[in-house]
Amino acid sequence: MAKLEILAPAGSMEALEAAVRCGADAVYLGQKNFSARKNSQNFDAESLFEAVTMAHRCGVKIHQALNILVFDQELEDLKACIRTACEAGVDALIVQDWGVAAAVRRLCPDMPLHASTQMAIHSPAGVRMAEELGFSRVVLARELSREEIATIVRSTSLETEIFVHGAHCMSISGQCYMSAAIGGNSGNRGQCAQPCRLPFSAGSPGKEGFSGRKAGEQVLSLKDMSLVERLPEIERLGVTSVKIEGRMKRPEYVAAAVTACRQALKGEKPDMDSLRAVFSRSGFTSGYFDGKRDKSMFGARTKADVQAGEEVFSSLRQLYHKQTPLVPVRMDFFMEPDTPARLTLSDGEHRVTAEGEVPQHAENRPATAESVRQNLEKLGGTPYYLQNFQAQIGDGLMLRASALNGLRRDACALLDQARTAGQKAFCDLPFPPLPERKPSSGLESWGQFRSLSQLTKASAALLDRIILPAEELDQADILPCSRDKILPALPRFTFSEEGLPELLQRLKAKGFEEVYCDSIGHIALCREAGMRPVGGMFLNLANSRALQEAQRLGLTGAVVSPEGKLSWLSHLKSELPLGIFAYGRLTLMAVRNCPVRAQLGCRACGGAGFLTDRTRTVFPVRCENGVSYIYNSLPTSMLDKKETLRPFDFALLSFTVESPREIEQVLARWAVGSALETASTRGLYNRGV
C-alpha cells in the first residue's frame with residue numbers, strides 16, 4: 001500500500017516552514033491571483049520560487065491552487081500565472097474551471113492536474129468525467145461518508161484526496177453563491193466573505209424565524225472537521241492524500257495539525273487538546289464521514305475558543321523553530337594517495353559527487369572510516385541526516401578537518417541543486433481561435449420546475465422547453481405537454497448512483513433523448529445511457545474555453561454561470577446553444593446537513609422552512625434527495641429586459657417556491673416583457689463579482 005500523503009496549507013512562508021519542518025509530505029499554496037483564498041498572504045513570483053526551492057530541498061511537494069472561475073478577459077493573465085508555476089517547479093495545479101484545465105493542458109502538458117473540491121465531485125461518475133478532462137487526482141467533496149469515499153476509491157485508478165481537518169463550508173463547495181449574491185464577493189472567485197458565520201435563525205410556518213433573542217444564533221455555522229484520529233482507517237481505504245484546510249490560518253495551526261497527523265499515522269495518540277485549542281469552533285465534528293448529519297455538527301467560534309488558542313501558540317512555535325532532519329542520505333567517501341578526496345552523496349533518487357583536496361601523509365594519526373564519519377555526519381542546518389556510510393581510505397593518509405567540512409558542504413550544495421531542479425516545460429502558445437457565435441434565431445423560453453405539480457397546461461403553452469424531475473417523469477402517465485418538449489433532470493446531487501442508469505434507460509425507452517445536467521457526474525451517466533446532456537448553470541461555465549470543453553464532452557447546450565456581468569457573458573464564444581438565467585430564486589447554498597431540520601426537525605418544517613438573518617430577511621429552504629437548498633430572498637428577474645438577453649439562444653426561468661398560479665403570472669409577464677410588481681433583483685448581471 002502506498003504511503004498516505006499529508007497535505008498541509010500555507011498562506012505564507014512561515015506557514016510553509018511550519019508545514020515542512022513538522023513533517024508534511026506536500027504543501028498547497030496560491031499565487032497572488034487566481035487562488036480561492038485571495039485574502040491570505042499568498043506568494044508572488046519571487047517568493048513562490050523560494051517556497052518551491054525550500055520545499056523540494058526537504059523532499060516536500062508543492063501543489064498550487066489555481067481554483068477559481070476565470071473570465072475571458074483574464075486568460076492572458078492566467079497564462080502568466082501558469083508560466084510562473086512552471087518556471088518555479090510547482091508539482092501540480094489544483095483547478096476548478098474546465099477552461100483553466102484546458103489551458104494548463106495546452107501550455108504545460110507535463111503538469112499534473114488536481115480537480116479542486118470546488119468542482120463538487122461526489123460520485124464515481126464525477127471522477128470519470130474529471131479523468132476525461134485531464135485530471136490525475138480528484139479532491140473529493142467534504143460532505144461524503146466513509147462508505148461513499150470507499151466506493152469512489154474502488155471505482156477509479158485516479159489519485160484521491162480528502163479533507164481531514166479544518167473548516168467546513170456550510171454549502172457544498174463550488175455550489176455556494178451566498179457571498180456573491182449578498183455582497184458581490186464570490187466564493188467561486190476566492191473572495192468569500194463568510195456570511196454563513198453571521199447570525200441566522202431557522203423558522204417554519206407557525207414558528208417565527210429570527211427573534212433577536214441572542215446575537216449568537218449561527219445556524220449556518222458548522223464545527224471544524226477533524227478526522228486526524230481516523231487516519232489509519234482512511235489509509236486502509238486506499239485514499240492517496242489527506243488534506244488540512246487552512247491557508248488563512250497561523251503557522252502554529254499548521255504545525256499543530258501536521259504534527260497530529262504524523263503522530264496518528266505512526267500509531268501514536270495525536271495531541272488533540274493542542275489542536276482543539278489552536279483553532280476550533282466549539283470542538284470538532286466527524287459527522288459527514290460517519291454519516292451522522294445532525295445538530296451536533298453545528299458550532300461557532302467562542303471567546304473561550306480564542307483564549308485557548310492564545311495559551312498554546314508559544315509552545316506550538318517550538319515545533320517548527322529549527323530545521324528538522326527529514327531526508328536520509330548515503331555517503332560514500334574515497335581517499336587514496338595523489339588523488340583528490342571524493343564524497344558521493346545520495347538520497348536514493350539523486351546521486352552527486354564533490355571533489356576536495358589531495359590527502360596528505362599522516363605523521364601521527366591517519367584517518368579512519370570512523371574519524372572521517374564523525375566529521376561528515378555533521379549535517380546540521382540541512383534537511384539531511386546520515387543513514388548509511390561507506391569509506392575507502394588508503395593507508396597512512398589524512399585530510400584536514402576544514403577540508404572534510406568543505407567537502408561535505410559542497411556535496412550538500414550539489415544535492416540541493418539536484419533535488420530542487422524540476423521546472424516544467426512551458427509552451428508559449430497562443431490560445432487557438434474560437435468560432436464566432438452564430439446570430440440567435442430567437443430567444444427561446446425554457447422553464448425549470450422543482451415539481452411536476454407546479455406545471456399547468458397554460459404555463460406549458462408559454463414555454464419552448466420544460467425541465468422536470470426525472471423521477472416524476474418516470475412515474476407520470478399523463479403529461480401537460482408533448483414529450484419532445486420536456487427535458488428530464490436528475491437530482492442535482494446523487495451521492496449514490498444506485499438505480500440511476502436504470503432510471504435513464506426507462507426514460508430513454510419513453511422517448512426522452514436529452515437530460516439536463518447540473519452535476520459533472522450526470523454528464524457521464526447521461527452519455528453512458530446513450531442520451532445527450534444539456535449543461536445547467538451550476539456547472540459554473542464562465543468562459544469560452546470552458547464552453548469549448550463542454551462541447552468536447554458531448555454537451556448539446558449549456559446555461560452559463562450566473563456570476564458574471566451580462567456584458568461579459570454576452571460575448572462568450574461557443575458553437576453550443578447558450579442559455580442565461582433570466583428568472584428565479586437563485587440557490588444560494590446546497591447543504592447536506594439541513595439547518596432547519598437540525599434546529600426544528602422535519603415535522604415542524606413541513607416542507608416550508610426558511611432562514612431569517614439579523615435584518616429579518618427571509619430565505620426559503622427546500623429539500624430534495626437528501627440535500628437542502630437555501631434560496632435567495634428575492635427572485636432574480638430579467639422579465640422586462642428580454643432585449644438584453646438576445647445574444648443568447650434561450651432564457652432559463654426557474655421555479656422553486658412559486659405556486660402554479662404565480663408561475664402563470666410570471667410567464668405572462670415574460671411573454672410581454674413586463675417587470676414584476678413585487679421586489680426582485682438583477683442578480684450579478686450589472687455589478688458582476
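His168 is placed in the loop that runs between strand 7 (159-166) and helix 7 (178-183). The model is a predicted one, and in it this histidine counts as buried, at 3% relative accessibility. Once neighbours within four places in sequence are set aside, the contacts of His168 are Arg142, Arg197, Leu222, Lys223, Asp224, Met225, Thr285, Tyr288 and Met297. The list thus includes a run from Leu222 through Lys223 and Asp224 to Met225, together with the arginines Arg142 and Arg197.

A second buried site is offered by Leu345, a residue of strand 13 (residues 342-346). Its relative accessible area is 0%, so Leu345 is buried. Outside the four places on either side in sequence, Leu345 touches Val329, Arg330 and Met331, then His350, Arg351 and Val352, and also Ala411, Cys412 and Leu415. Leu386 lies 41 residues away from Leu345 in sequence, and the two C-alpha atoms are 9.7 Å apart in space.

Among the helices, helix 9 (residues 251-265) deserves a look. Its 15 residues reach 21 Å from the first C-alpha to the last, close to the 21 Å expected at 1.5 Å a residue. Of these 15 residues, 14 are buried, so helix 9 is largely enclosed by the rest of the structure. Just after helix 9 comes Gly267, with a positive phi of about 85°.

Aromatic rings are a further theme. The count of aromatic pairs comes to eight. One of them joins Trp446 and Phe650 in a stacked arrangement, with 3.7 Å from centre to centre and 15° between the planes. Trp446 belongs to strand 18 (residues 444-449) and Phe650 to strand 30 (residues 650-655), so this pair ties together parts that are 204 residues apart in sequence. Both Trp446 and Phe650 are buried. Phe449 and Phe655 form a tilted pair, because their ring centres are 5.2 Å apart and their planes meet at 35°. This pair, too, links distant parts of the chain, as Phe449 is in strand 18 and Phe655 in strand 30, 206 residues apart. Phe449 is buried, as is Phe655. Ring pairs also bring Tyr583 into a cluster with Phe449 and Phe655.

Charged side chains meet aromatic rings as well. The charged end of Lys243 sits over the ring of Tyr28, at 4.4 Å from the ring centre. Arg592, in turn, lies over the face of Phe495, 3.5 Å from the centre of that ring.

Finally, the cysteines can be considered. A disulfide is a covalent bond between the sulfur atoms of two cysteines. The structure holds zero disulfides, and two cysteines help to show why. For Cys192, the closest cysteine sulfur is that of Cys176 at 5.8 Å, which is too far for a bond, given that a disulfide calls for sulfur atoms within 2.5 Å. Cys192 is partly exposed, with a relative accessible area of 32%. For Cys481, the closest cysteine sulfur belongs to Cys526 and is 19 Å away, again too far for a bond. Cys481 counts as buried, at 17% relative accessibility, where the cut-off for buried is under 20%.

Methods: Residues numbered from 1 in each chain as written. Predicted model: local features only at pLDDT ≥ 70, side-chain atom pairs only at ≥ 80, totals over all residues. Heavy atoms only, no water. Buried < 20%, exposed > 50% of the residue type's maximum accessible area, 1.4 Å probe, protein only. Helix = DSSP H or I, 4+ residues; strand = E, 2+ residues; numbered from the N terminus. Contact = heavy atoms within 4.5 Å. Expected span 1.5 Å × (residues − 1). Phe/Tyr/Trp six-rings, centres within 6.5 Å; stacked < 30°, edge-to-face > 60°. Lys NZ or Arg CZ within 6 Å of the ring centre and 35° of its normal.
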